[in-house]
Amino acid sequence: MSLLWTRLAILGLITMAAMQPEISLAADADPLQDFCVKDTNQQLHVNGFPCKDPAQVQASDFASAVLKNPGNTSKGLGVAVTAANALNFAGLNTQGVSVARIDFAKNGLNPPHVHPRASEILFLAQGTLLVGFVTSTPESKLFAQTINAGELFIFPRGLVHFQLNVGYDTAVAFSGFNSQNQGTSQVAKALFASNPPIDDAVLEKALQLSAADVQHLRSLISKT
Ligand SMILES: *[C@@H]1O[C@H](CO)[C@@H](O)[C@H](O)[C@H]1NC(C)=O
């Protein structure tokens with residue numbers, strides 16, 4: 001490439017970069033005012049929720065008892081995840097944080113899943129958990145270890161992770177997220193219990209399963 005063309009190409013790239021719109025809008029934005037308590041009467045869909053009239057905002061908008069009681073761990077895999085995020089806690093709209101309570105029955109499992117919009121910091125309040133995540137690098141490296149009450153563990157944003165109760169009793173953890181709406185995609189459910197279902201041919205080839213295996217897994221996963 002001639003020097004002129006190289007210079008023109010560089011100039012073009014700089015111009016394009018300068019003209020990029022606010023790319024950060026795709027993430028939790030920094031608040032532009034003190035607060036934006038979610039207006040539950042608005043049906044408008046935006047990136048987040050519209051704000052309640054500040055004159056109508058009360059202290060109670062910033063309080064929540066969502067995590068007060070243990071979740072019911074008697075069904076499925078023996079885990080109950082109770083989230084306090086922008087979907088059910090109006091005051092944290094636009095604040096870029098949320099929290100969840102995770103109750104585990106004995107041997108309860110929070111199965112492999114991802115949070116597309118948040119890193120997760122887990123504080124184990126009670127019990128013993130085997131926790132781990134798998135990297136997105138080609139070698140899919142697993143980082144897993146056992147943690148005890150009072151300890152923390154970080155799950156990096158977007159990576160597949162899990163928590164298994166390996167203690168002698170129930171366990172309780174609280175997780176903080178750096179998003180007001182962390183999102184949760186369950187790996188097994190996404191593959192075997194999506195709506196509508198993923199074509200059998202995709203699952204058979206991707207996971208090297210027979211048609212019968214796929215049907216069997218579909219029926220098992222849809223019950224969890
Ligand atoms: C927990 O869920 C089980 C199974 O659905 C149900 O039978 C039980 O009544 C629930 N317990 C509480 C305390 O809600």
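Strands β4 (120–126) and β7 (152–155) each contribute at least two residues to a nonpolar patch. This is a predicted model, and the points below walk you through that patch, a bound ligand and an open sheet.

**The nonpolar patch**
- Four residues make up this surface patch: Ile121, Phe123, Leu152 and Ile154.
- Together they offer about 350 Å² of accessible area.
- One of them, phenylalanine 123, sits in strand β4.
- Phenylalanine 123 has a relative accessibility of 35%, so it counts as partly exposed; that class lies between buried, under 20%, and exposed, over 50%.

**Around the ligand**
- If you look for the ligand, you will find Asn72, Ser74 and Lys75 surrounding it.
- The side chain of asparagine 72 has an N or O atom 2.3 Å from an oxygen atom of the ligand.
- For serine 74, a side-chain N or O atom lies 3.1 Å from an oxygen atom of the ligand.
- The protein buries 26% of the 360 Å² that the ligand exposes when taken alone.

**The five-stranded sheet**
- Five strands form an open sheet in the order β6-β5-β8-β3-β10, and their pairing is antiparallel.
- At the edges are β6 (142–148) and β10 (185–186), each of which pairs on one side only.
- Two bridges join β10 to strand β3 (residues 109–114) in the antiparallel sense.
- To see the two chain segments face each other, look at histidine 113, which stands opposite glutamine 186 in β10.

Methods
Residues numbered from 1 in each chain as written. Predicted model: local features only at pLDDT ≥ 70, side-chain atom pairs only at ≥ 80, totals over all residues. Heavy atoms only, no water. Patch = residues over 30% accessible without salt bridge, like charges linked within 9 Å, V, L, I, M, F, W, Y side chains within 5 Å. Areas by Shrake-Rupley, 256 points an atom, 1.4 Å probe, with all protein chains shown as cover. Salt bridge = Lys/Arg side-chain N within 4 Å of Asp/Glu carboxyl O. Helix = DSSP H or I, 4+ residues; strand = E, 2+ residues; numbered from the N terminus. Buried < 20%, exposed > 50% of the residue type's maximum accessible area, 1.4 Å probe, protein only. Near = heavy atom within 4 Å. Polar contact = N/O pair within 3.5 Å; in protein donor to acceptor, adjacent residues only side chain to side chain. Pairing = 2+ DSSP bridges.
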